[in-house]
Amino acid sequence: MARDLSVKQQLELVVQLSKLDQKIDELYEEFGELPEQIEELHKAIEEQQKKIEQLSERQREVVGEKTDVHLKIQTLRDRQKELEDLLFQVKTNRQYDAIVKELEYIKQQREEEENRYATLAIQEHNINKQLEQEQEHLAEMKEELEALEKEYAELEGGLQNKIHRLENQRERLAKKLPRQLLSHYERIREYHDDAAVPLKRGSCSGCYSVVPPQTEVELRNYYRVFFCENCGRILYPEELQEKEPVDS
Ligand SMILES: [Zn+2]
C-alpha cells in the first residue's frame, strides 16, 4: 500500500506525523513538571517539620530552666523570710550583723534569679510565637501539597487519555508510511523534536541553512523526499504546512 503513495502524499503523512509527535511531546512535558514540584514540596515540608521539632525542643529547655529558676526563687524567698524572723530574736550585735549580711546576699541572689526568670519568660513567649508562625506555615505548605497532588491526579487522568488517543493515531499514521522513510524519520527524531520542517525562503527552517536553488525547485515539484544536508531533517514545501492534519 505504501508503495502507491506519491512523494506529496508521503510528505503529507510525514508532516502529520511530526505534528502529532510534537503534540505528544508537549503533553508529556506538561505532565512532567508537577511531579518535580510535588517532590520539592515534600522535601520542604520535611525541613519545616525539622525546624518545628528543634523549636519545640528549645521550648522544652526554656520551660525546664524556668521551673528550676522558679524553685530557686522560692527557696531564696523562704530563706529570706527565715532570716527576717531571726532578726527579731537575735541576742548580740554580732549575730545581728551576720544575719543582715546574709539577708543582703539572699536579696541580691533573689533579684538576679528573678531577672533571669523574666528573661526566660520573654524567651518562652517569643519561641511560642515563632512556633505558632512556623506551624501555620507548615499547614499552608500541606494545603498546597494537597492541591498539587489533586491537580496531578486530575491531569493524570485527562492527559493519559489524550496521550493514548494521540499515540493510537500516530501508530495508524506510521503504518501508512514507507518503512524506509519512517525509520529515517525515527532516527532524526532522536536528535530533533521537529524531524520534518518546511523550507522557508530557500532555507531549512530547522537549522536555517540555505538549500541550493535547484533542490528548492525539485522539492517544490515533489521530485523526491529531500533531507537537509546540514541537520538531516526532512524538508517539505511550505504549502503543505497549511493543510490541517486529517484524522484517519
Ligand atoms: Zn537543516
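**View 1. Two domains, one chain.** The domain assignment (bounds from an automatic or database source) splits the protein chain into domain 1 (23-176) and domain 2 (179-241). Their centres, taken over C-alpha atoms, sit 62 Å apart. This is a predicted model, where local features need pLDDT of at least 70, side-chain atom pairs count only at pLDDT 80 or more, and totals for chains, interfaces and linings use all residues. Residues are numbered from 1 along each chain as its sequence is written, and side-chain values use heavy atoms, with hydrogens and water left out.

**View 2. Four cysteines hold a zinc ion.** The protein donors (N, O and S atoms within 2.8 Å of the metal, or 3.2 Å for Na, K and Ca) are the SG atoms of Cys-204, Cys-207, Cys-228 and Cys-231, 2.2 to 2.3 Å from the zinc ion. Why call this arrangement tetrahedral? Because the four donor atoms subtend angles of 103 to 115 degrees around the zinc ion, and four donors count as tetrahedral if all angles lie between 85 and 135 degrees.

**View 3. The big nonpolar core.** A nonpolar core is a set of buried (under 20% relative accessible area, 1.4 Å probe, protein chains only) Ala, Val, Leu, Ile, Met, Phe, Trp, Tyr and Cys residues joined through side-chain atoms within 4.5 Å. The largest one here has 27 residues, and Leu-11, Val-14, Leu-17, Leu-177 and Ile-234 make the most contacts inside it. Domain 1 and domain 2 each chip in at least three residues.

**View 4. A second core.** Look for Ile-38, Ile-127, Leu-131 and Leu-148 here: they're among the 16 residues of a separate core.

Technical notes: Four donors count as tetrahedral if all angles lie between 85 and 135 degrees; four count as square planar and six as octahedral if opposite donors are over 155 degrees apart and all others between 65 and 115; anything else is irregular. Buried means under 20% relative accessible area, exposed over 50%, partly exposed in between (1.4 Å probe, protein chains only).
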